[in-house]
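Work through the exercises below with the model open. Each task is followed by a worked solution.

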Amino acid sequence: QVQLVESGGGLVQPGGSLRLSCAASGSFVSIYGMGWYRQAPGKQRELVATITSGGRTNYAASVKGRFTISRDNAKPTVYLQMYSLKPEDTAAYYCNADGVLSEGRSFISWGQGTQVAVSS
């Protein structure tokens, strides 16, 4: 199994910055895609940003230019640097990863979520 542990959430004022981290551990041989999703109260979970093992990135239109996703394949850990935060960015942020387990099966895993609140 693969465990994803997020950290870095918190309360920040509008215009502020936060950096989320998500570390993967467990019995895997490869991690392909990693990404961040978020879910605000009463809304569906939505994609924020994804990154492939080769570094190709994809962003939701609402965060493009403000958020940056990156990863360290050696750890392996994925990061989300968030700038110019807005109240509408308030949500629980979830890490996601897919790849191959040591036993040869593919996997998709989710973290437990970390809360981001943007408020004055």
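**Exercise 1. Find the aromatic pairs in this predicted model, and state how many there are.**

Solution. A search of the whole structure gives 2 aromatic pairs.

Step 1. Take Phe-28 and Phe-107. Their centres are 6.4 Å apart, and the planes meet at 45 degrees. The cut-offs are under 30 degrees for stacked and over 60 for edge-to-face, so this pair is tilted.

Step 2. Place the pair in the chain. Phe-28 belongs to strand β4 (residues 28–39) and Phe-107 to strand β10 (residues 106–110), 79 residues apart. Phe-107 has a relative accessible area of 8%, so this residue is buried.

Step 3. Take Tyr-37 and Trp-110. Here the centres are 5.0 Å apart with 65 degrees between the planes, an edge-to-face pair. This pair also links distant parts of the chain: Tyr-37 is in β4, Trp-110 in β10, and 73 residues separate them. Trp-110 is partly exposed, at 39% relative accessibility.

**Exercise 2. Which arginine lies over the face of Trp-110, and which over Tyr-79?**

Solution. Step 1. For Trp-110, the answer is Arg-45, at 4.7 Å from the ring centre.

Step 2. For Tyr-79, the answer is Arg-19, at 4.1 Å from the ring centre.

**Exercise 3. Trace the salt-bridge network that includes Arg-38.**

Solution. The structure has 4 salt bridges. Start from Arg-38.

Step 1. Arg-38 bridges to Glu-46, with the closest N and O atoms 2.7 Å apart. Arg-38 is buried, at 6% relative accessibility. Glu-46 is partly exposed, at 36%.

Step 2. Arg-38 also meets Asp-89, at 2.9 Å from N to O. Arg-38 lies in β4 and Asp-89 in the loop between β8 (77–82) and β9 (91–101), so the bridge ties together parts 51 residues apart in sequence. Both Arg-38 and Asp-89 are buried.

Step 3. Asp-89 bridges on to Arg-66, at 2.8 Å between the closest N and O atoms. Arg-66 sits in the loop between β6 (57–59) and β7, so this bridge joins parts 23 residues apart. Asp-89 and Arg-66 are both buried.

Step 4. Combine the bridges. Shared partners join Arg-38, Glu-46, Arg-66 and Asp-89 into one network.

**Exercise 4. What is the strand order of the open sheet of 4 strands, and which strands stand at its edges?**

Solution. Step 1. The order is β1-β3-β8-β7, with antiparallel pairing.

Step 2. β1 (2–7) and β7 (67–72) each have a single partner strand, so they stand at the edges, with one side lacking a neighbour in the sheet. The twist averages 15 degrees from one strand to the next.

Step 3. Check the pairing of β1. β1 and β3 (residues 18–26) run antiparallel over 6 bridges. Glu-6 stands opposite Cys-22 in β3.

Technical notes
Residues are numbered from 1 along each chain as its sequence is written. This is a predicted model: local features need pLDDT of at least 70, side-chain atom pairs count only at pLDDT 80 or more; totals for chains, interfaces and linings use all residues. Side-chain values use heavy atoms; hydrogens and water are left out. Two strands pair if DSSP finds at least two bridges between them. Helices (H or I, at least four residues) and strands (E, at least two) are DSSP runs, numbered from the N terminus. Axes are lines fitted to C-alpha atoms, for helices over the stretch in contact, and angles run from 0 to 180 degrees between N-to-C directions. Rings of Phe, Tyr and Trp (its six-membered ring) pair if their centres lie within 6.5 Å; planes under 30 degrees apart count as stacked, over 60 as edge-to-face and the rest as tilted. Buried means under 20% relative accessible area, exposed over 50%, partly exposed in between (1.4 Å probe, protein chains only). A charge sits over a ring if NZ of Lys or CZ of Arg is within 6 Å of the ring centre and within 35 degrees of the ring normal. A salt bridge is a side-chain nitrogen of Lys or Arg within 4 Å of a carboxyl oxygen of Asp or Glu.
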